[in-house]
Amino acid sequence: MLKKFAILLLAASSAIAAESVQLDFTRYMDGKYIFERNCIVCHGPRGDGNGEMAPTLNPRPRSFREGMFKFRTTPFGSLPTEDDLRHTIKHGLTGTAMGMFSQLTDDDVTSVIEYVKSFSRRWRKAENYAEPLTLPEPPDWLEDTKQRATHAENGRTLFVTNCSACHGPAADGKGPAVAGLKDVWNFPAKPSDLRQPHLRCGDRPQDIYRVLATGLNGTPMVSFETTLTPEQRWDIIAYLFTLKLPDVPTLGNAPPRETVKTK
Ligand code: HEC
Ligand code: HEC
């Protein structure tokens, strides 16, 4: 796919009509088989998120027809990378019905991704693709209790100004703006309870940093890439880790994440 994309960019630069990205047909057929056995009950035969189980689920299974994906490493608005989708499928999305498909081989996952892409025309257009953002490592002060407390204090102020309208002053997802929030699929967009030890994006400080950089496509959770400096983002993250609720074992699909070092 990437190779094809590179060729395509060359073609585009010489202003030839070939603007469309081709799908791999063999992969598509293999992927259809895997999709029908593993994904169809939720995502539906037409990939519109209306599978048999859908009406009972919250959040709803994703419709793939708009080509909007929340959990990515690419800039706001862009399609996810192959690896982003692979991560979602292999690890699942904690706290939702989207379980982890660890029994699928890497090859199966590659095929089912190709099939998922066939549902939306956004995957055919080169302009919707983007390279992943380069994200920094967490700052050293995050390991130091005293320094972390100072940064968290600053983070609290920044959180109140930038986040609490949606996520609530207590970061429990109950901000004053909640009632009016919708996603592009026309369902209520529920701001996450950021105190939870496990989030869909991951549990580590850098996972939250990534969401602040990329935003969640299709939802009111936009990117803060241009509105908050990296320092401000780490300060907010330090604050959020002071609010974390204790981890309790849950049934179901909590993926094995790397443990967070906050002590
Ligand atoms: C039991 C229901 C269920 C099954 C089965 C299921 N999913 Fe999902 N899936 C969901 C739900 C619910 C969401 C939406 C989660 C959210 O929006 O936070 C989702 C979201 C996704 C997303 C979007 C992630 C993003 O970043 O926005 C992808 C991709 C995906 N599923 C792929 C698959 C594939 C491939 C399979 C089969 C191998 C599969 N799912 C099987 C329920 C399911
Ligand atoms: C306009 C409303 C709004 C604002 C402002 C906002 N968020 Fe969000 N945020 C949301 C919504 C809605 C979601 C869930 C989207 C979905 O899954 O459909 C979300 C999701 C997230 C997630 C993903 C958590 C997970 O479940 O994986 C993180 C992290 C996050 N927000 C942090 C922040 C921080 C930090 C700020 C402030 C810098 C902020 N948000 C500002 C609405 C908002």
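Here are some questions and answers on how the labels for this predicted model are earned.

Me: What makes the chain helical in its make-up, in terms of helices and strands?
Reply: Count the elements. There are 9 helices and 0 strands. From the N terminus on, the order reads α-α-α-α-α-α-α-α-α.

Me: How do you know which residues of helix 4 are buried?
Reply: Count neighbours. A residue is buried if 20 or more other C-beta atoms lie within 10 Å of its own. In helix 4, Leu85, Thr88, Ile89 and His91 are the buried residues, so each of them meets that cut-off. Helix 5 is part of what covers them. For the chain as a whole, buried residues make up 28% of the 263 residues.

Me: What comes after helix 4, and what is the sign of its phi?
Reply: Glycine 92 follows helix 4. Its phi is positive, near 75°.

Me: Why are Cys39 and Lys70 counted among the residues around ligand 1?
Reply: The test is distance. A residue is near a molecule if its C-beta atom lies within 6 Å of it. Cys39 and Lys70 belong to the 24 residues around ligand 1, so they pass this test. Cys39, Cys42, Lys70, Phe71 and Met98 come nearest. Helix 3, helix 4 and helix 5 each give two or more residues to this shell.

Me: How many residues surround ligand 2, and which are closest?
Reply: There are 25 around ligand 2. The closest are Cys163, Cys166, Ser192, Cys201 and Met221. Helix 7 and helix 8 each supply at least two residues of the shell. By class, the shell has 18 nonpolar, 4 polar and 3 charged residues. Cysteine counts as nonpolar, so Cys163, Cys166 and Cys201 fall in the nonpolar class.

Me: Why is the group with Ile208 and Leu240 called a nonpolar core?
Reply: A core is a set of buried nonpolar residues joined through C-beta atoms within 7 Å. Ile208, Leu212, Ile237 and Leu240 touch the most other members of the largest core, which has 25 residues. As members, they are therefore buried. Helix 9 gives the most to this core, with 6 residues. Domain 1 and domain 2 each provide at least three residues.

Me: What is leucine 212 in contact with, leaving aside its neighbours within four places in sequence?
Reply: Leucine 212 is in contact with Phe224, Leu228 and Arg233. The C-beta atom of each therefore lies within 7 Å of that of leucine 212.

Me: Which residues does the second core include?
Reply: This separate core has 13 residues, among them Cys39, Phe64, Tyr115 and Val116.

Methods
Residues numbered from 1 in each chain as written. Chains lettered and ligands numbered in written order. Predicted model: local features only at pLDDT ≥ 70, side-chain atom pairs only at ≥ 80, totals over all residues. Helix = DSSP H or I, 4+ residues; strand = E, 2+ residues; numbered from the N terminus. Buried ≥ 20, exposed ≤ 12 C-beta atoms within 10 Å, placed from the backbone. Contact = placed C-beta atoms within 7 Å. Domains from an automatic or database assignment.
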